[in-house]
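Thanks for asking me to look this one over. My notes follow as numbered points, to be read with the structure open beside them.

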Amino acid sequence: MATTSKIDAITLTGRSGKSYPFRIYVWETKFKSVAGIYVVASRAIEPGRAATYEPLFIGHSADLSKAFKDHPRGDCFQLYYANVIGVIKEANDAARAEVVDDLVAALAPPCHAADAP
């Protein structure tokens, strides 16, 4: 899927209670042209502890290779120190939208807010 290997995996839970497993990649990853759901997140690591993730934005795209170039929420990503992208492959557009809605309802990522930069 990417020119860089995954660095981690996380599971996010939607409002429905359903769990979604994301493969985590570094920000600079060049994705192939595949459809999927993505989470832009800030990853932090404290010495001696597991990495923690703050989801900043959850979206979907029919082509992940183009999803992050000139993203409309790019300023918000910088403001919150976005440094990783989580991905789930999903070809079905309606299924992608449903997962995004479920996760946004549960997590309220800051870059989804109407007043986000």
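1. A44 comes out as partly exposed, because its relative accessible area of 34% falls between the 20% that bounds buried and the 50% that bounds exposed. The residue belongs to strand β3. Leaving aside residues up to four places away in sequence, A44 touches A51 and T52. Its C-alpha atom is separated by 9.8 Å from that of Y81, a residue 37 places apart from A44 along the chain. Please keep in mind throughout that this is a predicted model.

2. Y81 itself deserves a look. It sits in the loop between α1 and β5, and its phi is positive, about 60°, although the residue is not a glycine. As background, most residues other than glycine have a negative phi. Y81 is also exposed, since its relative accessible area is 64% and the cut-off is over 50%.

3. A108 is another residue with a positive phi that is not a glycine; here the value is near 45°. A108 follows α2 and is found in the segment after that helix. With 59% relative accessibility, A108 counts as exposed. If you check backbone torsions, Y81 with its phi of about 60° and A108 with its phi near 45° can go on your list.

4. Now to helix α2 itself. Does its length fit its residue count? Put more usefully, what span should the 15 residues of α2 have at 1.5 Å a residue? The helix covers residues 93-107 and should span 21 Å, and its end C-alpha atoms are 21 Å apart, so the two agree. The expected figure uses 1.5 Å times one less than the number of residues, which is the step to remember if you redo the arithmetic.

5. Which residues of α2 are buried? They are R96, V99, V100, D102 and L103. These residues cover an arc of only 165° around the axis, which puts them on the same side of α2. The general background is that an α-helix has 3.6 residues a turn, so residues three or four places apart point the same way. On the other side of α2, the exposed residues are A94, E98 and D101.

6. What do the buried residues of α2 pack against? Their partners are four strands: β1 (8-13), β2 (19-26), β3 (36-44) and β4 (52-61). At the start of the helix there is a polar detail as well: a side-chain oxygen of N92 comes to within 2.9 Å of the backbone nitrogen of A94. A94 is also one of the exposed residues on the other side of α2.

7. Strand β5 (residues 84-89) is mostly covered, with 5 of its 6 residues buried. It pairs with β2 in the antiparallel sense over 4 bridges, and in that setting G86 of β5 has I24 opposite. β5 also pairs with β3, again in the antiparallel sense, here over 6 bridges. In β5, I88 is the bridge partner of I37.

8. How many disulfides does a search of the whole structure find? It finds 1, joining C76 to C111 with an S to S distance of 2.1 Å. The link is left-handed, at -90° about the S-S bond. It ties together distant parts of the chain: C76 is in helix α1 (residues 74-79) and C111 in the segment after α2, 35 residues apart. Are the two cysteines buried or exposed? Both C76 and C111 are buried.

9. Helix α1 also holds Q78. At 62% relative accessibility, Q78 counts as exposed, whereas C76, in that helix, is buried. The C-alpha atoms of Q78 and W27 are separated by 11 Å, with their positions 51 residues apart along the chain.

10. Last, D63. Where is it placed? It lies in the loop between β4 and α1. D63 counts as buried because its relative accessibility is 16%, and the cut-off for buried is under 20%. Not counting residues up to four places away in sequence, D63 touches K32, S33, V34 and A35.

Methods. Residues numbered from 1 in each chain as written. Predicted model: local features only at pLDDT ≥ 70, side-chain atom pairs only at ≥ 80, totals over all residues. Heavy atoms only, no water. Helix = DSSP H or I, 4+ residues; strand = E, 2+ residues; numbered from the N terminus. Buried < 20%, exposed > 50% of the residue type's maximum accessible area, 1.4 Å probe, protein only. Arc of directions from axis to C-beta. Contact = heavy atoms within 4.5 Å. Polar contact = N/O pair within 3.5 Å; in protein donor to acceptor, adjacent residues only side chain to side chain. Pairing = 2+ DSSP bridges. Disulfide = S-S within 2.5 Å.
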